[in-house]
Amino acid sequence: SGSATDGTTTINSSARVTPANANALGLTFDNNADIYMLNAYYDFTDVHAMYTPFVSLGIGQADISNAKDDETALSIAAGVNMEINNNMYAGFKLMHTQVDGPTDRLNISYEDIDVTSLHLMVGYRF
């Protein structure tokens, strides 16, 4: 709960503030985020001749627009690659990424951000 004002319009709220309420004050909570990750992979190469399961752990930073600082990002993933030939593979990866909750330039602190994504891949080894 709290209030926000632009000097003319004041919003008092003890519930969720809608995007329309924020826009009336000239505020936006839409943000772009760039995540830079360093990932380590472990391939289970002895499981099957054509399929290679793998797991991955990652650490990095998220650069979120309107946040005061970059935030720590962690990821965990699992997937499988299928050999097409000696140099090519196709596969999928399920990844969960967690970003520490940012604080924006208005000193509003947010909860951690959780993202789960499915990646379909085609790769070339050289």
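**Exercise 1. Placing an aromatic residue**

In which strand does tyrosine 42 lie? Work out its surroundings too.

*Solution.* Before starting, note that this is a predicted model, in which local features need pLDDT of at least 70, side-chain atom pairs count only at pLDDT 80 or more, and totals for chains, interfaces and linings use all residues. Residues are numbered from 1 along each chain as its sequence is written, and side-chain values use heavy atoms, with hydrogens and water left out.

Step 1: Tyrosine 42 belongs to strand S3, residues 33-43. Strands (E, at least two residues) and helices (H or I, at least four) are DSSP runs, numbered from the N terminus.

Step 2: Look for its neighbours. Leaving aside residues up to four places away in sequence, tyrosine 42 touches Pro53, Phe54 and Val55; a contact here means heavy atoms within 4.5 Å.

Step 3: Turn to the rings. The whole structure holds three aromatic pairs. Tyrosine 42 and phenylalanine 44 make an edge-to-face pair, with 4.9 Å centre to centre and 80 degrees between the planes. For such pairs, rings of Phe, Tyr and Trp (its six-membered ring) must have centres within 6.5 Å; planes under 30 degrees apart count as stacked, over 60 as edge-to-face and the rest as tilted.

Step 4: Check the partner's exposure. Phenylalanine 44 is partly exposed, at a relative accessible area of 35%. Buried means under 20% relative accessible area, exposed over 50%, and partly exposed in between (1.4 Å probe, protein chains only).

Step 5: Finish with a distance. The C-alpha atoms of tyrosine 42 and isoleucine 59 are 15 Å apart, with their positions 17 residues apart along the chain.

**Exercise 2. Two residues of one strand**

Describe where glycine 60 and alanine 62 sit, and what each one touches.

*Solution.* Step 1: Glycine 60 is in strand S4, and alanine 62 is placed in strand S4 as well.

Step 2: Glycine 60 counts as buried at 15% relative accessibility, and alanine 62 counts as buried at 1%.

Step 3: Beyond residues up to four places away in sequence, glycine 60 touches Tyr36, Met37, Glu71, Thr72 and Ala73. On that basis, alanine 62 touches Asp34, Ile35, Asp70, Glu71, Ala73 and Val99.

Step 4: Compare sequence separation with distance. Alanine 62 and tyrosine 36 are 26 residues apart along the chain, and their C-alpha atoms are separated by 6.4 Å. Glycine 60 and alanine 22 are 38 residues apart, with 31 Å between their C-alpha atoms.

**Exercise 3. Two loop residues**

Which loops hold asparagine 66 and aspartate 30, and are these residues buried, partly exposed or exposed?

*Solution.* Step 1: Asparagine 66 is in the loop between strand S4 (51-64) and strand S5 (71-83). It is partly exposed, with a relative accessible area of 31%.

Step 2: Its backbone deserves a look. Most residues other than glycine have a negative phi. Asparagine 66, however, has a positive phi, near 70 degrees.

Step 3: Aspartate 30 lies in the loop between helix H1 (19-24) and S3, and is exposed at 65% relative accessible area. Its C-alpha atom is 13 Å from that of proline 102, which is 72 residues away along the chain.

**Exercise 4. The whole chain**

Summarise the fold pattern and the overall dimensions of the protein.

*Solution.* Step 1: The protein has one helix and seven strands, in the order β-β-α-β-β-β-β-β along the sequence.

Step 2: Its C-alpha atoms fill a box of roughly 70 × 25 × 20 Å along the principal axes. The radius of gyration is 21 Å, whereas a compact globule of 126 residues would be near 14 Å; the radius is taken over C-alpha atoms, and the globule rule is 2.2 Å times the number of residues to the power 0.38.

Step 3: Buried residues make up 21% of the 126 residues. Among contacts with a separation of 6 or more, 46% come from residues 24 or more positions apart.
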